[in-house]
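Reader: I'd like a close look at a single part of this model, taken slowly. Could you pick one helix and walk me through its surroundings, then add a few other spots worth a glance?

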Amino acid sequence: MSNTILVGAQWGDEGKGKIIDFLTETADIVVRSQGGNNAGHTVIVDGAKYVLHLIPSGILRSGKKCVIGNGVVIDPIAVAQEIAGLRDKKIKVTKDNLLISDCAHLVLPYHRVLDEQRESKKGKNRIGTTKRGIGPAYGDKAARVGLRVGDLMQPAIFSEKLAQRIKENNAVLKAFGAKPLKFAEVNAAYLEAGKKLAPFVGNTVVFLHESLQSGKEILFEGAQGTFLDIDHGTYPYVTSSNTTAGGACTGSGVPPHRMDRVLGVMKAYTTRVGEGPFPTENAEFSDLLHGMGREFGATTGRARRCGWFDAVAVRYAAMINGIDDIAITNLDGLDSLPSIKMCTHYKIGKKTVEVPPSDFRQLQGAKPVYIELPGWQTPTHEAQKYSDLPKNARAYVEQVAKLTGAKLTIVSVGPNRDQTILL
Ligand code: GDP
Ligand code: IMO
Ligand code: MG
């Protein structure tokens, strides 16, 4: 029995969904504990593609339970649509395999409009958010003016609170020059979505603790990545939740000492979507990957910025998250290259640094110092076991593990389940 926290070790989109789906085979429960539908986790099963935003990726395997924990922010209309979309694809979603915390906060339409307005007012200093209202929703949670799933389950209370919140937010929207929201419309749409979610809603903390007592194995599915963490990321170019390992505890109510290991998922290179510093970004490499039809965002479709593997960042991610094991995905993305760069240090002015500076302006000015490793120029997507990988590919992933300071556990060479090598 072991409980695993899976986190993204970079800037999101590391392939967390694919690895969660792979690991769910031997787990009992999969929990999302932070983020919202800004996340897009892609899983391919038998040629069918699923993009999960709020529902844990474990939903694709039968007999497993999925939990949306208290730390998630939920757009109830989006989650109802996601459930309907999965059912259309013949995936079972019932109260027997999906539970939603009554303490999770709601994303409301004014959060989305505020997200858009703030972004457009920032102009070139924009964060490049997904415009799903995530920042404003977490803002309201911290300011103690948020509405929760539990409120939505009590229509009279919900409507009363919503009326107040819409009144206050309409004044803010007016200042932005945005259209005011109509209470009656929002109220009706949310109560309708609330009815659809009602069967799934309850106290997920009690469920998880009872499951722990009966020896069930839990996987915590991180969303976003370490450098998008509100505390440890490249602030303000971050999301608004704790995407690092600690977030799995606060966002689910499972205490730290019940966690057995932390698995850090990372691409064999680096990508980032949205604005903010990215020391190893490389335009030529981005073009190569985009030309192969790779690295377009699962949530917004935006082209991801791409660059070389950044061991400075990932080493720091290992520190913050306590990463024991690593999963390296998208190794096949490097297959065609004659030689591959890997950043081991930064130079900031005359100083050599081994950890990323916390100030984003300093990080923007950091010059990556690279080592260069020979490529393998052989397709890896059919490799079934570690020894099937070309020698240079093995040397590359071993170098990644060495620089990260954690144990190499999984290498992924394609988006499908059977393109996963367990070491
Ligand atoms: P997540 O947000 O961390 O779950 O990652 P995304 O799903 O947003 O992005 C990862 C992308 O890489 C998806 O399109 C996956 O299907 C794909 N993927 C994951 N692992 C591999 C791999 O090893 N090779 C290839 N070619 N694609 C992969
Ligand atoms: P998954 O779980 C990659 C980025 C946005 C933006 C910043 C803030 O699929 O890895 P937000 O909408 O959260 O306020 O945007 O964070 N971002 C992600 N980037 N993967 C994600 O999720 C992301 N979720 C948010 O692009 O830069
Ligand atoms: Mg993603």
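Author: Here's a walk around helix H11, followed by a buried arginine, a cavity and a ligand site. Keep in mind that this is a predicted model.

Let's start with the helix itself. H11 covers residues 311–321, and since 8 of its 11 residues are buried, it is largely enclosed by the rest of the structure. Buried here means under 20% relative accessible area. The run opens with Ala311, Val312, Ala313, Val314 and Arg315, which are among the buried residues, and Ala317, Ala318 and Asn321 complete that set.

What does the covering? Strands do a good part of it: S1 (4–8), S11 (261–267), S14 (309–310) and S16 (339–348) are included in what covers the buried residues of H11. Helix H13 (391–404) is included as well.

Now the two ends. At the N-terminal end, aspartate 310 acts as a cap, with a side-chain oxygen 3.0 Å from the backbone nitrogen of valine 312. Past the other end comes glycine 322, and its phi is positive, near 65°.

Next, the arginine. Arginine 294 sits in the loop between helix H10 (283–291) and strand S13 (305–307). With a relative accessible area of 16%, arginine 294 counts as buried, because the cut-off is under 20%. Its side chain has polar partners: the side chain of asparagine 330 at 2.9 Å, and that of aspartate 332 at 3.0 Å. If you skip neighbours within four places in sequence, the contacts of arginine 294 are Tyr269, Leu289, Asn330, Asp332 and Gly333.

S1, one of the strands covering H11, turns up again at the largest cavity, where it gives the most to the lining, with 3 residues. Strand S10 (218–221) and helix H9 (246–250) each supply at least two residues there too. That cavity holds about 50 Å³ of space. Its lining has 14 residues, and Ser33, Gln34, Gly222, Thr244 and Ala248 lie nearest the centre. By type, the lining splits into 6 nonpolar, 7 polar and 1 charged.

Last stop, ligand 2. There are 20 residues around it, with Lys16, His41, Thr130, Gln224 and Thr239 coming nearest. Backbone atoms show up in its polar contacts: a ligand oxygen is 2.8 Å from a polar backbone atom of aspartate 13, and a backbone N or O atom of glutamine 224 also lies 2.8 Å from a ligand oxygen. For glycine 128, the distance from a polar backbone atom to an oxygen of ligand 2 is 3.3 Å.

Definitions and conventions:
Residues numbered from 1 in each chain as written. Chains lettered and ligands numbered in written order. Predicted model: local features only at pLDDT ≥ 70, side-chain atom pairs only at ≥ 80, totals over all residues. Heavy atoms only, no water. Buried < 20%, exposed > 50% of the residue type's maximum accessible area, 1.4 Å probe, protein only. Helix = DSSP H or I, 4+ residues; strand = E, 2+ residues; numbered from the N terminus. Contact = heavy atoms within 4.5 Å. Polar contact = N/O pair within 3.5 Å; in protein donor to acceptor, adjacent residues only side chain to side chain. 1 Å grid on protein atoms, 1.4 Å probe; cavity = no way out; pocket = protein on both sides within 12 Å on 5 of 7 lines; lining within 4 Å. Points joined across faces, edges and corners; volume = space filled by probe spheres on them. Nonpolar A, V, L, I, M, F, W, Y, C, P; charged D, E, K, R; others polar. Near = heavy atom within 4 Å.
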